[in-house]
Amino acid sequence: PLLLNPDKSKLSKRQGDVNVDDFLKKGYLKEAIINFIALLGWHPSDDIEIFSYKSLVKNFSIKKIQKSGAIFDIKKLNWMNSIYIKELELKNLIKISEKFYCDLNYNFKDQDKLFKVFQFIQNRIDRLDQIPDLLYPFYVDFTINDNELLSIVNSSVSRSIIKYWDINLLENSCIDEHFIKELIQDTQNKFDVKGKAIFHPL
């Protein structure tokens with residue numbers, strides 16, 4: 001079928017990536033790409049969307065491919081890729097994503113720390129190229145020279161807020177704008193704080 005943008009216009013290189021290599025360079029897994037492409041114009045009878053390669057080969061049918069245009073929904077590809085990333089063994093995730101962070105001047109000798117960091121990262125990305133940004137706070141030291149900021153950050157309330165956020169972030173795999181807004185509101189109500197008292201510790 002003809003590939004279309006979400007607005008039903010014809011998919012073209014001028015409007016974004018259309019080459020498989022471009023998606024691989026951004027950290028999309030080949031398994032997710034194959035799965036996604038297979039569903040462009042083909043609808044399995046049981047409405048299952050995530051397939052292993054073997055299952056896809058077994059179930060795919062050219063006869064069920066529709067002739068009308070298929071929407072290339074990048075949000076769906078991102079979601080699908082995040083599912084495949086979550087299903088990776090941690091060792092495998094660290095290995096296949098190494099090319100995205102190997103040039104960073106960070107000390108990765110502590111393997112136990114690296115595993116714990118990737119456990120945190122694994123449920124929070126939908127592309128491997130997002131990993132460097134999430135590694136940054138775990139491996140880069142920074143100094144705070146603002147006395148007002150230090151007094152807020154070092155307060156007992158700030159420490160409680162940090163622990164509260166740490167627990168909530170670790171317990172939830174679906175973290176989006178709505179979740180963060182609700183968590184900010186919950187923090188305000190729970191600790192009776194607002195403004196700098198919330199945002200400086202975070």
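Let's start with a pair of side chains in helix H7: Lys-116 and Asp-112 meet in a salt bridge, 3.4 Å from N to O. The term here means a side-chain nitrogen of Lys or Arg within 4 Å of a carboxyl oxygen of Asp or Glu. Both residues lie in H7, four residues apart, or about one turn of the helix. Helices here are DSSP runs of H or I with at least four residues, strands are runs of E with at least two, and numbering goes from the N terminus. Lys-116 counts as exposed because its relative accessibility is 51%; the cut-offs are under 20% for buried, over 50% for exposed, and partly exposed in between, with a 1.4 Å probe and protein chains only.

Before going on, a word on what you're looking at: this is a predicted model, in which local features need pLDDT of at least 70 and side-chain atom pairs count only at pLDDT 80 or more, while totals for chains, interfaces and linings use all residues. Residues are numbered from 1 along each chain as its sequence is written, and side-chain values use heavy atoms, with hydrogens and water left out.

By the rule above, the count comes to four salt bridges. Another one of them sits in helix H11, where Lys-181 and Glu-177 are again four residues apart, about one turn, and their side chains meet at 3.2 Å, N to O. Lys-181 is exposed at 54% relative accessible area, and Glu-177 is exposed at 58%. Then there's Arg-127 with Asp-129, bridged at 2.9 Å, N to O. Here Arg-127 is partly exposed at 21%, and Asp-129 is partly exposed too, at 26%.

Now step back to the whole chain. The protein has twelve helices and two strands, and from the N terminus on the elements run β-α-α-α-β-α-α-α-α-α-α-α-α-α. Of its 202 residues, 33% are buried. Take the contacts (heavy atoms within 4.5 Å) between residues at least 6 apart in sequence: 64% of them join residues at least 24 apart. On the outside, the protein exposes about 13700 Å², and carbon and sulfur atoms supply 52% of that; areas come from the Shrake-Rupley method with a 1.4 Å probe, and for residues only the protein chains shown count as cover.

Head inside and you come to the largest nonpolar core, which has 34 residues; Phe-118, Leu-128, Ile-131 and Leu-135 have the most contacts inside it. A nonpolar core is a set of buried Ala, Val, Leu, Ile, Met, Phe, Trp, Tyr and Cys residues joined through side-chain atoms within 4.5 Å. Helices H2 (30-38), H4, H5 (90-96), H6 (98-101), H7 and H8 (131-139) each supply at least two residues of this core. A second, separate core of nine residues includes Ile-161, Phe-191, Val-193 and Ile-198.

Phe-118 deserves a look of its own. This residue lies in H7 (residues 111-122) and counts as buried because its relative accessibility is 0%. Leaving aside neighbours within four places in sequence, Phe-118 touches Leu-90, Leu-93, Ile-94, Ser-97, Tyr-101, Ile-131 and Leu-135. Its C-alpha is 9.2 Å from that of Leu-134, 16 residues apart in sequence.

Next, helix H10 (residues 156-171), which holds Asn-168 and also Trp-165. Trp-165 is buried at 8%, and beyond four places in sequence it touches Ile-180, Leu-183, Ile-184, Thr-187 and Leu-202. Leu-202 is 37 residues away along the chain from Trp-165, yet their C-alpha atoms are separated by 8.5 Å. Asn-168 is buried as well, at 17%. A polar atom of the Asn-168 side chain lies 2.7 Å from the backbone oxygen of Tyr-164, and, with the same four-place exclusion, Asn-168 is in contact with Phe-179 and Leu-183.

To finish, two spots on the outside. Asp-192 sits in the loop between helix H11 (177-191) and helix H12 (196-199), and is exposed at 72%. Most residues other than glycine have a negative phi. Asp-192 has a positive one, near 55°. Elsewhere, Tyr-53 belongs to helix H3 (residues 53-59) and counts as exposed because its relative accessibility is 58%. Together with Ile-34 and Val-57, Tyr-53 makes a nonpolar surface patch of about 320 Å². Patches take residues with over 30% relative accessible area and no salt bridge, joining like charges within 9 Å and nonpolar side chains (Val, Leu, Ile, Met, Phe, Trp, Tyr) within 5 Å.

How values were computed
A polar contact is a pair of N or O atoms within 3.5 Å; within protein, one must be able to donate a hydrogen and the other to accept it, and residues adjacent in sequence count only if both atoms are side-chain atoms.
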